[in-house]
Amino acid sequence: MSDGIPCLWMRGGTSKGAVFNAADLPRDQDARDALLLRVMGSPDPRQIDGIGGADPLTSKVALLSVSTRDDADIDYLFLQVFVDQTLVSDAQGCGNILAAVGPAAIEMGLFPAVMGETRVRIHMVNTGEVAVATIATPDGHVTYHGDAAIDGVPGNHAAIPLMFRGIAGSMCGALLPTGNVVDVIDGTDCTLIDNGMPCVILRASDFGITGTETRDDLEQNATVKARLEAIRLKAGPLMALGEVRDKSVPKMTLVSAPLAGGAINTRSFIPHRCHATIGVFAAVTVATACTLRGSPAARCAVLPDDGRFRVEHPSGAAEVLLEQGGNGQITGAGLLRTARKLFEGRVYP
């Protein structure tokens, strides 16, 4: 691979990552992961010898291929390349990078565009579910120009609606893997929940904080981070995730009352660093927890009348649309994201 590897550098939602045709990378997982570590420049806090951005949100990879499933067009494997560890993880999906998959698949010639809008059915290999992305293709080509804005991303871009079905228990096998709305771990009320992303949801006030602290303040709060990690390590087996010391799930989300007219306010750890925003599937999972009576989230939430849950985070809010059946059960979820192609070329490991 001395001649380089074809690569798209894409922003998807509030993340950035390298997008590859899976066929261009080694089939052997160890060889593939070693190559991706070199590409990103890990392990190194600055990722100075690679294209990574020295932050978990900008050290991500998407591997795409034409799907072999009848109900999908594209297979999407998400890989988190750790910044300062020799670790590449497929233990979770990424809904932000998911927003870039449809445009990238069209750009790479893996899926044909049509005039107007192109619907791409995306098999999320990490979890097995299928998402449908609608891409603006006004002249049969992807456009990134539009009027949509999402918090955490400057400017306006073409809207990419994402719709999900059947994501409950994506990694844990059930929406509530313990069967309980509330579990008590180390004396703290928690909701262990997975509606697209395994999350442990806790009240910020139970940690002696307001939940309005800045990302930097929380990064420096060793006491809170140590308590969260202790709970996370115990929650992992309860959520059928096994030993999670070296895994990127479950995410740890502190919730508090909304500040800006939303449904709930959050500070999310992914899992050891505080997120600048909140992940797509984490936002869906938090919004779902708001509907569970007696949960830490429900005690803080202001439920909307129209099913649109604005999940507040340090950079603004993510709007989640929840569809509920007659018994209150969540039957579907959607989110609006944007994406942009930043660079197309060859990367040299």
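This report covers helix H4 and the largest cavity of a predicted model. Residues are numbered from 1 along each chain as its sequence is written, and side-chain values use heavy atoms, leaving out hydrogens and water. Local features need pLDDT of at least 70 and side-chain atom pairs count only at pLDDT 80 or more, while totals for chains, interfaces and linings use all residues.

Helix H4 (helices are DSSP runs of H or I, at least four residues; strands are runs of E, at least two; both are numbered from the N terminus) covers residues 222-238. Its 17 residues should span 24 Å at 1.5 Å a residue (1.5 Å times one less than the number of residues), and the end C-alpha atoms are 25 Å apart, which agrees. Buried residues of H4 (under 20% relative accessible area, 1.4 Å probe, protein chains only) are Val224, Leu228, Glu229, Ile231, Arg232, Ala235 and Gly236. After H4 comes alanine 240, with a positive phi near 65°.

The strands below are among what covers these buried residues.

| Strand | Residues |
|---|---|
| E9 | 183-185 |
| E10 | 188-194 |
| E11 | 198-203 |
| E12 | 251-256 |
| E13 | 264-269 |

The largest cavity (a set of points on a 1 Å grid over the protein atoms alone where a 1.4 Å probe fits but cannot get out; lining residues have an atom within 4 Å of a point) is lined by 18 residues. Nearest its centre lie Lys60, Gln92, Lys251, His275 and Gly279. Two or more lining residues come from each of helix H2 (95-107) and helix H5 (280-290). H5 gives the largest share, three residues.

Terms used:
Buried < 20%, exposed > 50% of the residue type's maximum accessible area, 1.4 Å probe, protein only. Contact = heavy atoms within 4.5 Å. 1 Å grid on protein atoms, 1.4 Å probe; cavity = no way out; pocket = protein on both sides within 12 Å on 5 of 7 lines; lining within 4 Å.
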